Amino acid sequence: MKSLKLKSQHVPVMVTLILFLTMFAFGALRYDNFFSTQVFLNLFVNNAFLIIAAVGMTFVIISGGIDLSVGSVIALTSMVAASLLQDGQFSALTVIPISLLVGTTLGFIMGCVIHFFNLQPFIVTLAGLFLARGLAYLVSIETISINNPFFSYMASARIPILDGFISISVIISLIVVALGIFIAKSTKFGRNIYAIGGNEQSAVLMGLPVGRTKILIYTLSGFCASLAGLVFTFYMLSGYALHANGLELDVIAAVVIGGTLLTGGMGYVAGSVFGVLILGIIQTIIVFEGTLSSWWTKIAVGVLLLAFIVFQRVFITLSENKNTIKPSGTNEQEALKLKSGVKPGTTAGRG
Amino acid sequence: METKQPVVEMKGITKTFPGVKALSNVDLRLYAGEVHALMGENGAGKSTLVKVLTGVYPYDEGITELEGREFKVDTPLEAQEMGISTVYQEVNLCSNLSVVENIFIGREIMKGGKIDWKEMNQRAVEVLARLHLNIDVSKQLSSFSVAIQQMVAIARALNVSAKVLILDEPTSSLDANEVKQLFAIMEKLRDEGLALIFISHFLDQVYEISDRITVLRNGECIGEYMTADLPRLELVSKMIGKELNNFESIAQKNEEKEDDGDVLLEAEKVFKKGSIQAFNLKIRRGEIVGLAGLLGSGRTELARLLFGADKADSGKITFKGRKVALSSPQKAISNGIAFSSENRKKEGIIADLTIRENMMLAIQARKGWFNYISKKKQNVIVKTYIDLLNINPPNPEQLIKNLSGGNQQKVLLARWLITNPELLILDEPTRGIDIGAKGEIQKLMLKLSEEGMSIVFISAELEEILRTCQKIVVMRDHEKVAEIQNDTNVTQQSIMKKMAGGM
């Protein structure tokens, strides 16, 4: 197309991709049976809900915000779904839209509070975290198991692919990812998110609908969290108020490892998917290792996260310096030259 | 001539912020095919006026008309849709987005429910070509220089069918060549029939590019003039509000020191991009050096460099015969340099501490926080300075926020005097305080200088500078333009001429 040269803003995502491939190669070399289609597909099967939540979180973080309520919303959604399905009171057709509304509504309210009262997203969504978790306990402190046929079907259905299989949840998550990529790249709403994350003040002065966009971002994240909660419910076939405790932090970690700048303005939905897959592959490797305790997952994630944040900082500093050190680089001087008859389209051919 | 109708007319605009009247009864007329310069010192209300026009702030009273019809905008977006666009001083774009996006965001070209990137790229190249700019529009904005970013901001403004283009200090971070480039484009746009507002501190630039000038002072409209009919000197006197013929000559002069004294500080070719042009400066022991110039002419910037609050890009500073790197205020303080800031509310006093605590800050910081000065010692020191400076109320435990401006200023002064500096930099120490306190501070300066302390004195009041300083440095457009030994031949008028330049 334009040029094969890697654009600087793609570097963090490329690093994530390379890291994923390296880890997969490491597993494949170290363990028998690791290099199989099913091991790879299981990364999606086991983490479908995480991928969905990460898509919503990606938008939030690109806008320069944060959403801590995700884990609690997943728990609340699963509780609402499980309790409504109990004793066959309601059909799955009624329960699913209601469950989806749970997080969407909460996200909308949090977005409004953040915008209208000009509050820190951190503190507002922290309140959301406590609220949703508390409400989940209010529904019941016991585990509620689900025996609704539709939910059971969603839990057990296998879609064969190559020589392995995936669940319906994987399809849902991939649809969400595709929509997320579309929103980020090809809609005004998506581009406004990047603008707000880059410089909110400028976004206001450029006349962008900053308030509306912010509210929508948290609504979208709430919706994704609820959908993730539903998929999680398919996966667990139960509702429990302690489900997904602290999961928001896994989601944030995945998004950051996926190359999204924690300070906002830069990031890709696809990167977050790889972020989730990296978390998944760490778990898989530890399972294959057999002797390691599962806490090693946390240690590995912690180390990776730290490394990525430091990398981002260095990367930003480097690319900023690059622009300031060269006082008027050759390509700019060239650009500034008065060219009286510039024909449209001449840039495309350059370089 | 004056029969043509203005594109935009603002009449009797009044805007009040809590506690401040930012604009009172201001008129502005913009004509198509003209560059209209908005002149005034910092805080005169230029930016507020622009923000009122573009819907960032609502106004309290007045009428705005576009092509003869009254209109009112509530957001920058509405203003843009009516054809009024602004390019702000700090380039207000999103540097994390591509050039194309910065031009189009908010009004992207859609095709079949999605953004049509191809068409937008094409159009961006076209609109930039109109500005003689040929760059890779898909690259991130941050990869280009400020000058190009500014062009992109203009391109964004032009992309709507603009009638009025407002340029708020567009040249402040551009070098001479880039300014030329910008002016070429402004002229082109003017000839195409746009009305441009140009705000700048640089008088040379205003006279080079503008056709009409409106002068603001303290939120009031002083008048509208054709640039060709308004001599520089008159413009400056209108901006600072002094009638030239009204100057009383200053009889009282400080005695000229015959012996020059040894050099305490010498700056050679000190330079900081976007802040100040390379300058040389010698400050002798016991000398009071006055910095004169309009607000925004680089006075404070020069002082900040000497104090290490900003870091110079190049140049050499020698202090007491030794080359020093004044890279932080801490280093400057330990070298014996003190700086009393222009903005006492924001950078100086700590409102909720007492007089004593405010006074002790600098000396305690210099001694190190572990080397605590006992309360008893503190009281002795504080008492001395309260008496010396006549601080009222003479109660060391009074909270400083309860003091009048003049007394707050004295406490600040005391804070630095306690550290017994060899060079004291005073940035507008007498602004906003009553005449009596002013006199006391001036007297004190003269006394300190007799005792061998060197002082850099920044003031907007030329009279004060003439009365106290041995040497006067004149700043204009971020450049040191003159250095004058003060004697009876120097008058306010001659300094003002230098401040205005181009004579």
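Select Leu247(A), Glu248(A), Val251(A), Ile252(A), Ala253(A), Ala254(A), Val255(A), Val256(A) and Ile257(A): these residues of H11(A) are buried. The model on screen is predicted. Now widen the selection to the whole helix, residues 247-257 of chain A. H11(A) is mostly covered, with nine of its eleven residues buried. Step just past the helix to Gly259(A), where phi is positive, at about 95°.

**Chain A overall**

Zoom out to chain A. Its secondary structure comes to 15 helices and four strands. Chain A has 351 residues, and 52% of them count as buried. Take the contacts in chain A with a separation of 6 or more: 78% of these join residues 24 or more positions apart.

**Val170(A)**

For one such long-range pairing, go to helix H7 of chain A, residues 168-186, and pick Val170(A). Is Val170(A) buried or exposed? Its relative accessibility is 1%, so Val170(A) counts as buried. Add Phe44(A) to the selection and draw a C-alpha to C-alpha distance: 6.1 Å, for two residues 126 apart in sequence. Show the neighbours of Val170(A) as sticks. Leaving aside residues within four places in sequence, Val170(A) is in contact with Phe44(A), Val45(A) and Ala48(A).

**Ser83(A) and helix H3(A)**

Next, select helix H3 of chain A, residues 70-85, and find Ser83(A) in it. Ser83(A) has a relative accessible area of 18%, and it is therefore buried, the cut-off being under 20%. Which residues does Ser83(A) contact, leaving aside its neighbours within four places in sequence? They are Gln89(A), Val139(A) and Ile144(A). For contrast, draw a line from Ser83(A) to Thr16(A). These two are 67 residues apart along the chain, and 40 Å separates their C-alpha atoms.

**H3(A) against H5(A)**

Keep H3(A) on and add H5(A). Their axes come within 8 Å and cross at roughly 25°. The two helices are therefore roughly parallel to each other. Their crossing is left-handed. On the H3(A) side, colour Gly71(A), Ser72(A), Val73(A), Ala75(A), Leu76(A), Met79(A) and Ser83(A). On the H5(A) side, colour Leu129(A), Ala132(A), Arg133(A), Leu135(A), Ala136(A) and Val139(A). By class, this contact has nine nonpolar, three polar and one charged residues.

**H4(A) against H5(A)**

Hide H3(A) and bring in H4(A), residues 92-116, alongside H5(A), residues 121-139. These helices pack at an angle of about 150°, with axes 9 Å apart. H4(A) and H5(A) are therefore roughly antiparallel. This crossing is right-handed. H4(A) contributes Leu106(A), Met110(A), Val113(A) and Ile114(A). H5(A) contributes Pro121(A), Val124(A), Thr125(A), Gly128(A), Leu131(A) and Ala132(A). How many residues of this contact are nonpolar, polar and charged? Eight are nonpolar, two are polar and none is charged. Pause on Ala132(A): this residue of H5(A) takes part in the contact with H4(A) and also in the one with H3(A).

**Chain B: a helix pair**

Move to chain B. Select H5(B), residues 146-159, and H6(B), residues 176-191. They pack at about 15°, with their axes 10 Å apart. That angle makes H5(B) roughly parallel to H6(B). The crossing is right-handed. From H5(B), show Ala147(B), Met151(B), Ile154(B) and Leu158(B). From H6(B), show Glu178(B), Gln181(B), Leu182(B), Ile185(B) and Leu189(B). The classes are seven nonpolar, one polar and one charged.

**Glu34(B)**

Now pick Glu34(B), in strand S3 of chain B, residues 34-39. With a relative accessibility of 7%, Glu34(B) counts as buried. Leaving aside neighbours within four places in sequence, Glu34(B) is in contact with Lys4(B), Arg190(B), Leu194(B), Ala195(B), Leu196(B), Asp211(B) and Arg212(B).

**The nonpolar cores**

Finish with the cores. The largest nonpolar core has 236 residues. Which residues have the most contacts inside this core? Select Met359(B), Leu424(B) and Ile495(B). Helix H2 of chain A, residues 37-62, gives the most to this core: 18 residues. Centre on Met359(B). Not counting residues up to four places away in sequence, Met359(B) touches Val382(B), Tyr385(B), Ile386(B), Ile391(B), Val411(B), Ala414(B), Arg415(B) and Ile418(B). Last stop: a second, separate core of 26 residues, with Val7(B), Ala44(B), Val164(B) and Leu216(B) among them.

Conventions. Residues are numbered from 1 along each chain as its sequence is written. Chains are lettered from A and ligands numbered from 1 in the order in which they are written. This is a predicted model: local features need pLDDT of at least 70, side-chain atom pairs count only at pLDDT 80 or more; totals for chains, interfaces and linings use all residues. Side-chain values use heavy atoms; hydrogens and water are left out. A nonpolar core is a set of buried Ala, Val, Leu, Ile, Met, Phe, Trp, Tyr and Cys residues joined through side-chain atoms within 4.5 Å. Buried means under 20% relative accessible area, exposed over 50%, partly exposed in between (1.4 Å probe, protein chains only). Contact means heavy atoms within 4.5 Å. Axes are lines fitted to C-alpha atoms, for helices over the stretch in contact, and angles run from 0 to 180 degrees between N-to-C directions. Angles under 35 degrees count as roughly parallel, over 145 as roughly antiparallel, 65 to 115 as roughly perpendicular and the rest as oblique. A crossing is left-handed if the near helix is turned anticlockwise from the far one by less than a right angle, and right-handed if clockwise. Ala, Val, Leu, Ile, Met, Phe, Trp, Tyr, Cys and Pro count as nonpolar, Asp, Glu, Lys and Arg as charged, and the others, Gly among them, as polar.
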